[in-house]
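Hi,

Here is the structure I said I would pass on. Have a look at it first, and then read my notes below.

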Amino acid sequence: MYPAYLEENIHIVEDTRVRRLIENRPPLDESDKKALLRKYHPDNIKSSMRKLKVGVNQGDSAPVELADLLEGNSRIDPKKFDPSSPNYNVDVLVIGCGGAGASAALLAHEAGARVLVTTKLRLGDANTVGAQAGTQAADRPEDSPAIHYLDTMGGGHFENIPDLVEVLVKDAPDAIRWLEKLGVNWDKAPDGSMHELSGGGTSRRRLHSARDYTGLEEMRVLRDEIRNKKINYLEYTAAVELILDDKGQIAGAILLNMETEELIVARARAVILATGGSGRLHIQDFPTTNHYGATADGLVLAYRAGAGLIFIDSMQYHPTGAVYPLQILGQLVTEKVRTLGAQLVNSRGEQFIMPLEPRDVVTSAIIRECRERQRCMKTPNGDSGVWLDSPMIDVIRGPGTIARELPAMVRQFRRFNIDITREPILVYPTLHYQNGGIKIDTEGATNVPGLFAAGECSGGVHGRNRLIGNSTLELFVFGRRAGLAAARYAKEVKRGSPTLEHVRRWQEELQQAGIRDQRPVSPRLLPDYTRRTGGYTSAVFQP
Amino acid sequence: MAEQARLIDIYIMGKYYQVPEGLTILTALEYSGYRAIRGCGCRAGFCGACATIYNFRNDPQLRYDLACQKTVEPDMCLVQIPYFPAVKAVYDLEKIPADGDNVKALYPDIVKCYGCNTCTKTCPQELEVMWWMTDALRGDIKAVADKSFDCLMCGLCAARCPQGLTPYYVALLCRRLNGRYLTPPAAHVAGRVAEIASGKYDAEITALKTAGEQELRRRYNERDIEPALEQSRE
């Protein structure tokens, strides 16, 4: 239920619906978009960025919150810890088990590798399950991988790595078919053809969905398949450091039992990082849609082991995060709501942006509407927001559409006595996705021999802005590729003896740069939401 | 906000705390100084990791919810549910045709369901769990798949079932059988996979890859955009 003053403003939104029904807002042209992004997009706020002082990407900018962790101190003291007596000895170690990790594990297993999966929370606790809207793949007759390529490059401001985009769009239909065969319940017509929707920045209807539980449906199936294939996995076990060998190749990882703080050594011929994003770092104090464990662990581990990163100064702010009620602040209002026809409306009942512009453009327009033009609503908590006019969907597409297409959204808001079939939703941008990450090639390989990465922790394919439905697609395309490539690599590699020399050198570099005492221990592992009631939780190793 | 909100009394594992009104069970635990390692996932009602059981000081009736979604109420007594494994059938999807007998063969215990409806009353997603178990018994896989679609697999139904059944795993099996066998495969997807394998789009994509940025921008800006509203779906 909205407070009375918001209810009053909703009447203005209702009164302008007839006008907005016939109104056709044109997309912005290139120069207008550029100006809007330059002035309002959070990535362009200079004071929130800092240049890295150590490591491969020295001199590159990163958000302060991420830079601190990338330059963090190891939790392991290399002088005291011996990495040469392993608790596990496998071919392929997969760190993280969302969509990318699960896909990688399944393919590596299929290729005959002995696989161990380790995950910080439960198997499948990842941003993947929150992905509602769908997965892109150009498979309708009106569409083609070339058009998908063009959309993706344009969405990423033409900075995407072309080879990665090519692989993404060409593997896409096969990834969809793979999931279909594994028993994913795609939204389909009775003849089996896919029911596909368009999304921000896509020029064709290309989003494959499973109602608005797409990511959950994909993850449920992959998680089940991991259990059916009896792939070994450890839950509540985070990776805290990679192990290299004396030849500079990957040799495994040091894992931490989150509950007992016991350290575990997993020796592996190849390691796949699939640790996901970084929303829980709350960059620039934005709320986030990300799950509890999204703290950029993979980036930290890879960077310390000498892997290059790309586009780490580029975050995606989802234009529509809930701002009311407070209990769901920052949580995702899926882009599918706009795809289905909901419009973005300011406090005067005006549509101020074409709802299906790319995400960064819509985000910037909402920030302008709130910060500069003050045509927004304030919540009782003091947050600003604009209206996402959801009831418009039923007006355009007929009664019952919202209930049928958006059951998760309807349920989520009904918990707080808001009926999104009749009342609009108050929204503001929320930290959603890490556009950049560990630099990979088309096989998911990094510049460290034996180290692979896939999913949100990798970077390059999306350029500086990811399109809707390309993230879940990336999980399966690059997860599968990394799994296969890692299994192949593991068969051939000649191993050296494991060492933590790179960690010792890293700590020395921090010392020389004069920042060792100023930086936290990393990876962070979990955000700190616990109200301080006493002392500090102990780190395994306090430098 | 926390400082201005009205404080209410709650009990965590029997200990007394005061927390601001409006917090969810999960944020109330954190406000009270507890750090979640288990029992927390997406924080958005999608993953089922934070399934929780609670009752009230003067009302022993157990209630069930997701800790990230349910807001605290005065005199709530919160517990964290202990972990216990649920039995999942292991199978090769390619080797089990979709008929009801296979569901019963993999989960033979479902015949023991005596319809007490505890599972339905327990479901934080408000799903009709008992009805899909009835459908499973009758071998109606499609009905199970449909009724259980919004299942987060939090496991509360299995936790409370007096017969030890695991409705969420039965549902998962049926959904996978439905997706694999009872829904026709998408011919256009398979067709496109074959086209890509034959190299049909290679030249066009290579041309885009080698075009200068100027040209790529021009083609991007001039590309025709299909209407967002599909005409065919009625």
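**What I found**

Let's start with chain A on its own. A compact globule of 543 residues would have a radius of gyration near 24 Å, and chain A comes out at 23 Å, so the two agree. Keep in mind as you read that this is a predicted model. If you lay chain A along its principal axes, its C-alpha atoms fill a box of roughly 70 × 55 × 45 Å. Of its 543 residues, 69% count as buried.

How is chain A put together? It has 16 helices and 21 strands. Take the contacts in chain A between residues at least 6 apart in sequence: 75% of these join residues that are at least 24 apart.

Now for the place where the two chains meet. Chain A brings 97 residues to the contact, and chain B brings 80 residues. People often give the size of an interface as the accessible area lost when the parts come together. Here the area buried between chain A and chain B is about 7900 Å², with carbon and sulfur atoms giving 53% of that.

How many salt bridges are there between chain A and chain B? The count is 16. One to look up on your screen is Arg38(B) with Glu259(A), where the closest N and O atoms are 2.4 Å apart. There are also 45 residue pairs in polar contact across the interface, counting pairs with both residues at pLDDT 80 or more.

Which parts of chain A do the touching? Several elements each supply at least two residues to the side that touches chain B, among them α6 (145–155), α8 (214–228) and the strand β6 (196–197). The largest share comes from α7(A), with 11 residues. Sorted by class, that side of chain A has 35 nonpolar, 24 polar and 38 charged residues.

One last stop, this time in chain B: helix α4, residues 129–138. Which of its residues are buried? They are Val129(B), Met130(B), Trp132(B), Met133(B), Asp135(B) and Ala136(B). The cover over these buried residues of α4(B) includes other helices of chain B: α2 (100–106), α3 (118–122), α5 (141–147), α6 (156–160) and α7 (167–182). Just past the end of α4(B), look for Gly139(B), which takes a positive phi of about 80°.

Have fun clicking through it!

Cheers

Note on methods:
Residues are numbered from 1 along each chain as its sequence is written. Chains are lettered from A and ligands numbered from 1 in the order in which they are written. This is a predicted model: local features need pLDDT of at least 70, side-chain atom pairs count only at pLDDT 80 or more; totals for chains, interfaces and linings use all residues. Side-chain values use heavy atoms; hydrogens and water are left out. Contact means heavy atoms within 4.5 Å. Buried area is the accessible area (1.4 Å probe) that two parts lose on being put together, summed over both. A salt bridge is a side-chain nitrogen of Lys or Arg within 4 Å of a carboxyl oxygen of Asp or Glu. A polar contact is a pair of N or O atoms within 3.5 Å; within protein, one must be able to donate a hydrogen and the other to accept it, and residues adjacent in sequence count only if both atoms are side-chain atoms. Helices (H or I, at least four residues) and strands (E, at least two) are DSSP runs, numbered from the N terminus. Ala, Val, Leu, Ile, Met, Phe, Trp, Tyr, Cys and Pro count as nonpolar, Asp, Glu, Lys and Arg as charged, and the others, Gly among them, as polar. The radius of gyration is taken over C-alpha atoms; the globule rule is 2.2 Å times the number of residues to the power 0.38. Buried means under 20% relative accessible area, exposed over 50%, partly exposed in between (1.4 Å probe, protein chains only).
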